[in-house]
Amino acid sequence: MNPITHAQLDWDDQGRPHSRTFDDVYFSDKSGLEETRYVFLEQNRLQARFAALPAGGRLVIGETGFGTGLNFLCAWQLFDQQAVAGARLHFVSVEKYPLSHADLQRALALWPELQPYAEQLLAQYLAIHQGFQRLVLDNGRVTLTLLIGDALEQLPQLDAQIDAWFLDGFAPAKNPDMWTAELFAELARLAAPGSTISTFTSTGWVRRLINAAGFKMKRTPGIGHKWEILRGEFLGWPEQTPRPAATAPWFARPTPHAGERRALVIGGGLAGCCTAASLAACGWQVCLLERHAALAQEASGNPQGVLYLKLSAHGTALSQLIVSGFGYTRRLLEHLQRGVDWDACGVLQLAFNTREAERQAQLAEAFAPDLLHPVDAAQAQAHAGIALEQGGLFFPEGGWVHPPALCEWQARHPNIEVKLHQEALTLQRVDGRWQAWDGDTPIADAPVVILAGAAEIKRFPFSAALPLKRIRGQITRLAQTAQSQSLSTVVCAQGYVAPARLGEHTLGASFDFASSDLTPTLAEHADNLALLREISPALLHALHPDSQTLEALEGRAAFRCTSPDYLPIVGPLADAEAFAQAYGVLARDARQVPDTPCPWLDGLYINSGHGSRGLITAPLSAQLLAAWLDNEPLPVPTSVAQACHPNRFALRELIRGKSRHTP
């Protein structure tokens with residue numbers, strides 16, 4: 001992986017940005033607003049298309065070159081003016097060199113009339129790192145998905161249908177990589193039927209390449225100093241060009257839900273609350289079932305969780321999910337009360353042995369310093385405010401979260417009905433609806449149900465085979481002392497300790513694969529104190545002096561729920577027996593891909609298996625589920641969505657010849 005760098009800008013005497021890398025301007029010297037509106041909004045007929053959207057309808061715009069976000073803000077303003085209240089705008093844009101927050105703020109200050117939209121964008125323009133980054137704006141009415149990286153690395157991983165394309169890379173002569181046949185083939189692959197396209201350039205070779213990809217381009221009079229520009233429509237994939245490989249049927253999207261937009265979500269922890277909120281923001285009416293007397297009573301109930309990024313330098317699916325999920329969660333937290341519900345105090349991961357130090361050195365080369373950077377022992381001690389013996393990696397945007405506050409805020413949406421003391425013991429499909437029952441008592445029903453109850457979902461026959469595993473974890477709660485209040489960042493080694501929340505530090509967490517008893521034990525308190533000693537003997541003494549007994553300690557135990565490959569299990573569920581019959585040929589030849597449609601269990605989805613990473617992976621996974629249900633652009637690369645898909649386990653079993661259902 002190559003770390004992303006911010007755009008390198010120069011500013012002219014009128015405050016306009018100029019790219020040092022491409023020696024080109026970001027917008028017209030005369031009037032960037034008029035040019036954007038004429039070239040991109042008018043040529044794609046967006047005023048009429050926005051006005052024609054029904055409640056529940058949406059339009060998806062794709063863009064090459066996000067730049068200062070000017071095109072996005074102009075499209076959002078027009079959408080806001082023209083579209084009915086229930087309509088939605090989804091904007092997908094690729095950008096190799098994103099502007100820093102300060103530069104974006106400076107550039108957008110040039111357009112006072114866009115200020116209400118620019119302020120919302122700037123408030124969420126945080127933790128913008130490599131890969132897919134999703135920003136939810138205007139209470140879910142507008143979604144921005146930024147693909148940070150090289151266009152020809154990012155666009156092939158996008159699963160979307162684009163209704164209108166804005167081609168706004170720097171001029172072809174300045175940045176030819178953004179005007180290639182390979183790029184235009186990606187635009188065609190992603191184009192919805194009848195998709196429109198426009199660009200400020202009228203260069204002949206560009207027009208011919210776009211035409212060759214399946215669009216019909218025509219020159220049209222330009223604006224300002226541009227004599228001509230190009231606009232066009234997608235006619236269809238060219239007959240003489242080989243079609244892109246189809247998605248394997250077991251990973252293809254189920255038929256989009258077309259009926260009543262009502263859903264049941266089973267489980268009121270982080271996965272369930274975030275799923276309910278993501279659907280509610282898209283206009284769904286959601287019934288959230290929780291068996292306890294309040295939300296977030298199990299693993300999501302700990303007083304402090306850590307925004308800790310355990311990454312790989314090799315761009316694995318899990319690592320990509322973590323970077324994207326971290327950004328999404330970090331932006332969500334801006335809605336909560338800092339200091340009580342969360343704190344961006346940073347996270348320090350100590351290099352506690354040689355192997356960890358080697359791993360950290362690789363990470364420091366693979367990621368930009370605003371995500372993580374190495375610190376020596378003295379710098380680590382300065383960040384933490386306590387005595388430390390090692391350096392490590394510092395994550396400046398990390399911190400701690402009070403998970404119940406995030407759950408409760410997510411569940412507060414007016415489209416969500418929370419039902420407490422409601423335990424769904426059985427589910428059955430009757431007349432196109434899923435019915436949840438507690439014994440002989442019907443609880444609720446809806447056309448769609450999402451299972452978000454961690455390992456408890458194994459009680460249902462159709463999800464019983466999923467390899468979810470419960471791991472007991474215990475945290476220790478330690479009262480703040482005069483000496484410990486200097487702790488100013490989360491510090492991790494093989495355990496973690498967080499700065500105090502409401503006068504109390506959280507220390508943890510143990511891993512116990514065998515125990516099913518949730519009563520806190522003295523032995524695990526002792527283990528947690530040993531983890532704290534590894535972090536800082538001085539802090540251990542400040543929080544638990546030698547004279548204090550283990551019996552005086554308080555704590556909490558809960559079950560994490562994880563999968564064998566440590567990726568969450570997110571997506572639609574298939575009928576296991578029908579799946580094995582449909583794709584049984586894979587047991588004999590894994591290279592064969594039958595074109596048999598996947599036998600989905602209609603309207604049944606899952607969001608589980610987040611392990612100890614739930615704060616980072618569960619909220620973005622909820623966005624992934626909402627995108628599947630509404631047939632919208634996915635918030636993660638296709639390869640990541642497939643790596644998290646429930647069908648991956650049945651597929652592996654078939655290929656290894658182990659399926660019980662193989663004919």
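How many nonpolar, polar and charged residues does the lining of the largest cavity have? I would like to start there, and then move outward to the other spaces and to the aromatic rings, keeping in mind throughout that this is a predicted model.

By class, that lining has five nonpolar, five polar and four charged residues. The cavity itself holds about 100 Å³ of space, and it comes from a search of the whole structure that finds four cavities of 30 Å³ or more. There are 14 residues in the lining of the largest cavity, and those nearest its centre are R88, R134, T143, C282 and Q623. If we ask which elements give two or more residues to this lining, they are strand 5 (88-95), strand 6 (131-137), helix 9 (270-281) and helix 17 (614-630). Helix 17 gives the most, with four residues. In terms of domains, at least three lining residues are drawn from each of domain 1 (9-234) and domain 2 (260-297 + 405-468 + 564-657).

Let me turn to the second largest cavity, where about 60 Å³ of space lies. Its lining is made up of I4, H6, P98, I128, H129, Q130, A368, D370 and L371, which by class gives five nonpolar, three polar and one charged residues. Where does this cavity lie with respect to domain 1 and domain 3? Both domain 1 (9-234) and domain 3 (347-396 + 475-554) give residues to its lining, so the second largest cavity lies between them.

Now to an open space, the second largest pocket, which has a volume of about 980 Å³. Of the 35 residues that line this pocket, D159, A160, Q161, R189 and T247 are the closest to its centre. At least two lining residues are supplied by each of strand 4 (58-64), helix 7 (181-190), strand 9 (191-199) and helix 18 (638-643), and helix 18 gives the most, with four residues. By class the pocket lining has 20 nonpolar, eight polar and seven charged residues. As for domains, the lining of this pocket draws at least three residues from each of domain 1 (9-234) and domain 2 (260-297 + 405-468 + 564-657).

The last part concerns the aromatic rings, of which the structure holds 15 pairs. One of these is formed by F215 and F234, whose ring centres are 5.1 Å apart with the planes at 55°, so the pair counts as tilted. This pair links distant parts of the chain, since F215 sits in strand 10 (residues 215-221) and F234 in strand 11 (residues 228-234), 19 residues apart. Both partners are under the 20% cut-off for burial: F215 is buried at a relative accessible area of 2%, and F234 is buried at 11%.

A further pair, F579 and Y583, is edge-to-face, with 5.0 Å from centre to centre and 75° between the planes. Here F579 counts as buried at 1% relative accessibility, and Y583 counts as buried at 0%.

Beyond single pairs, ring pairs also join F40, F66, F72, W76, F91, Y117 and F166 into a cluster. Finally, there are arginines placed over ring faces: R338 lies over the face of W342, at 5.2 Å from the ring centre, while R560 lies over the face of F511, at 3.8 Å from the ring centre.

Methods
Residues numbered from 1 in each chain as written. Predicted model: local features only at pLDDT ≥ 70, side-chain atom pairs only at ≥ 80, totals over all residues. Heavy atoms only, no water. Phe/Tyr/Trp six-rings, centres within 6.5 Å; stacked < 30°, edge-to-face > 60°. Buried < 20%, exposed > 50% of the residue type's maximum accessible area, 1.4 Å probe, protein only. Lys NZ or Arg CZ within 6 Å of the ring centre and 35° of its normal. 1 Å grid on protein atoms, 1.4 Å probe; cavity = no way out; pocket = protein on both sides within 12 Å on 5 of 7 lines; lining within 4 Å. Points joined across faces, edges and corners; volume = space filled by probe spheres on them. Nonpolar A, V, L, I, M, F, W, Y, C, P; charged D, E, K, R; others polar. Domains from an automatic or database assignment.
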